[in-house]
Amino acid sequence: MKAIELKHPLIEHKLSILRNKETGTKEFRELVKEIAMFLCYEAMKDAKLEKVEIETPIEKMKTGKLNEDKYAFVPILRAGMGMLDGVISVVPNAKIGHIGMYRNEETFEPVNYFFKVPKDIDKREIILLDPMLATGGSAIDAIDLLKSKGAKKIKFLCIIAAPEGIKKVEKAHPDVQIYCGSIDKKLNENKYIVPGLGDAGDRIFGTK
Ligand code: PRP
Ligand code: URA
């Protein structure tokens, strides 16, 4: 499946503030949350609705209702946590899992340090969250872990992706649809996305 880039003036506008090195922690967090909300909106375009009958003050009607309980949001720690508030604000009854992952700063290989997801993960649609898709190593390992627990339908939402990372994830997991706010130019020698936004975790949590 080809990665879907949200090409929209509102996203580009919000990204322009997010990317700016002068943007502070508070505004950065708010923007990550808002962009995550838009990504979730796009990712749920194919959601199946259940037919229900309701009564408006005017008349009865048949309409569609989302069974929110079929979904699980899984942020990749730490930075993915920044996106959780946004997606939960639109699908508040989804269950939540967590995958702890950090990138070794010398080898750039991901290291998994935590994994806890809802028991019935095999029956849920999983929406995996991480603002940055750089080499793709973290996303691939997180998806491997989810699939090893039985997950079948997985979508991956990120704010900025590098073409190198997209290619790797698409090759390893062709069944996983990637949604991103922007596909940037490339990775630099330290495997940071160019132009990117720097270190997402540090900017969300103010750790540098
Ligand atoms: C960042 C980011 C991704 C990963 C992307 O996390 O949030 O998880 O790097 O890089 P990759 O595609 O090359 O694997 P980081 O390791 O900085 O951890 P943090 O979220 O705790 O800051
Ligand atoms: N992780 C980040 O936070 N930023 C990048 O550009 C690459 C990996």
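A polar contact is a pair of N or O atoms within 3.5 Å. The structure shown here is a predicted model, and the contacts described below are computed from its atoms.

By that cut-off, ligand 2 has a polar contact with Gly198, because a nitrogen atom of the ligand lies 2.8 Å from a polar backbone atom of that residue. The backbone is also the partner at Ile193, where a polar atom is 2.8 Å from an oxygen atom of ligand 2. At Ala200 an oxygen atom of ligand 2 is again paired with a polar backbone atom, at 2.8 Å. On its own, ligand 2 has 240 Å² of accessible area, and the protein covers 88% of it.

The shell that provides this cover is made up of Arg103, Met132, Ala134, Lys191, Tyr192, Ile193, Gly198, Asp199 and Ala200. By class, five of the shell residues are nonpolar, one is polar and three are charged.

Ligand 1 has a shell of 16 residues, and the closest of them are Arg103, Asp130, Thr135, Gly136 and Ser138. Arg103 is thus listed around ligand 1 and also around ligand 2. Two side chains make polar contacts with ligand 1. At Asp130, an N or O atom of the side chain is 2.5 Å from an oxygen atom of the ligand. At Thr135, the distance from a polar side-chain atom to an oxygen atom of ligand 1 is 2.6 Å. The backbone takes part as well, since a polar backbone atom of Ala79 is 3.0 Å from an oxygen atom of ligand 1. Alone, ligand 1 would expose 500 Å², of which the protein buries 90%.

Which elements each supply at least two residues of the shell around ligand 1? They are strand 6, strand 9 and helix 4. Strand 6 gives the largest share, with three residues. The shell around ligand 1 contains seven nonpolar, five polar and four charged residues.

Where do the two ligands sit in the protein? Ligand 1 takes up space in the largest pocket, and the space taken by ligand 2 is likewise the largest pocket. This pocket has a volume of about 710 Å³. Its lining consists of 31 residues, and those nearest the centre are Tyr102, Arg103, Tyr192, Asp199 and Gly201. Two or more lining residues come from each of strand 4 (71-77), strand 6 (98-103), strand 9 (132-133), helix 4 (137-148) and helix 6 (200-205). The lining as a whole divides into 15 nonpolar, eight polar and eight charged residues.

The backbone geometry deserves a separate look. Most residues other than glycine have a negative phi, and most peptide bonds are trans. Against that background, three places in the model stand out.

The peptide bond between Leu77 and Arg78 is cis, with omega at about -5 degrees. Leu77 falls at the end of the range of strand 4 (71-77), and Arg78 belongs to the loop between strand 4 and helix 3 (81-90).

A further cis peptide bond runs from Val194 to Pro195, and its omega is near 0 degrees. Pro195 is part of the loop between strand 13 (193-194) and helix 6. Ile193, whose backbone contacts ligand 2, lies within the range of strand 13 (193-194). Ala200, another backbone partner of ligand 2, lies within the range of helix 6 (200-205).

The third place is Phe108, which is not a glycine but has a positive phi of about 65 degrees. Phe108 is located in the loop between strand 6 and strand 7 (110-116). Strand 6 also gives three residues to the shell around ligand 1.

How values were computed
Residues are numbered from 1 along each chain as its sequence is written. Chains are lettered from A and ligands numbered from 1 in the order in which they are written. This is a predicted model: local features need pLDDT of at least 70, side-chain atom pairs count only at pLDDT 80 or more; totals for chains, interfaces and linings use all residues. Side-chain values use heavy atoms; hydrogens and water are left out. A residue is near a molecule or strand if one of its heavy atoms lies within 4 Å of it. A polar contact is a pair of N or O atoms within 3.5 Å; within protein, one must be able to donate a hydrogen and the other to accept it, and residues adjacent in sequence count only if both atoms are side-chain atoms. Accessible areas come from the Shrake-Rupley method with a 1.4 Å probe; for residues, only the protein chains shown count as cover. On a 1 Å grid over the protein atoms alone, a cavity is a set of points where a 1.4 Å probe fits but cannot get out, and a pocket is an open set with protein on both sides within 12 Å along at least five of seven lines; lining residues have an atom within 4 Å of a point. A molecule sits in a cavity or pocket if more than half of its atoms lie within 2 Å of its grid points. Ala, Val, Leu, Ile, Met, Phe, Trp, Tyr, Cys and Pro count as nonpolar, Asp, Glu, Lys and Arg as charged, and the others, Gly among them, as polar. Grid points are joined across faces, edges and corners, and a volume is the space filled by probe spheres set on the points. Helices (H or I, at least four residues) and strands (E, at least two) are DSSP runs, numbered from the N terminus.
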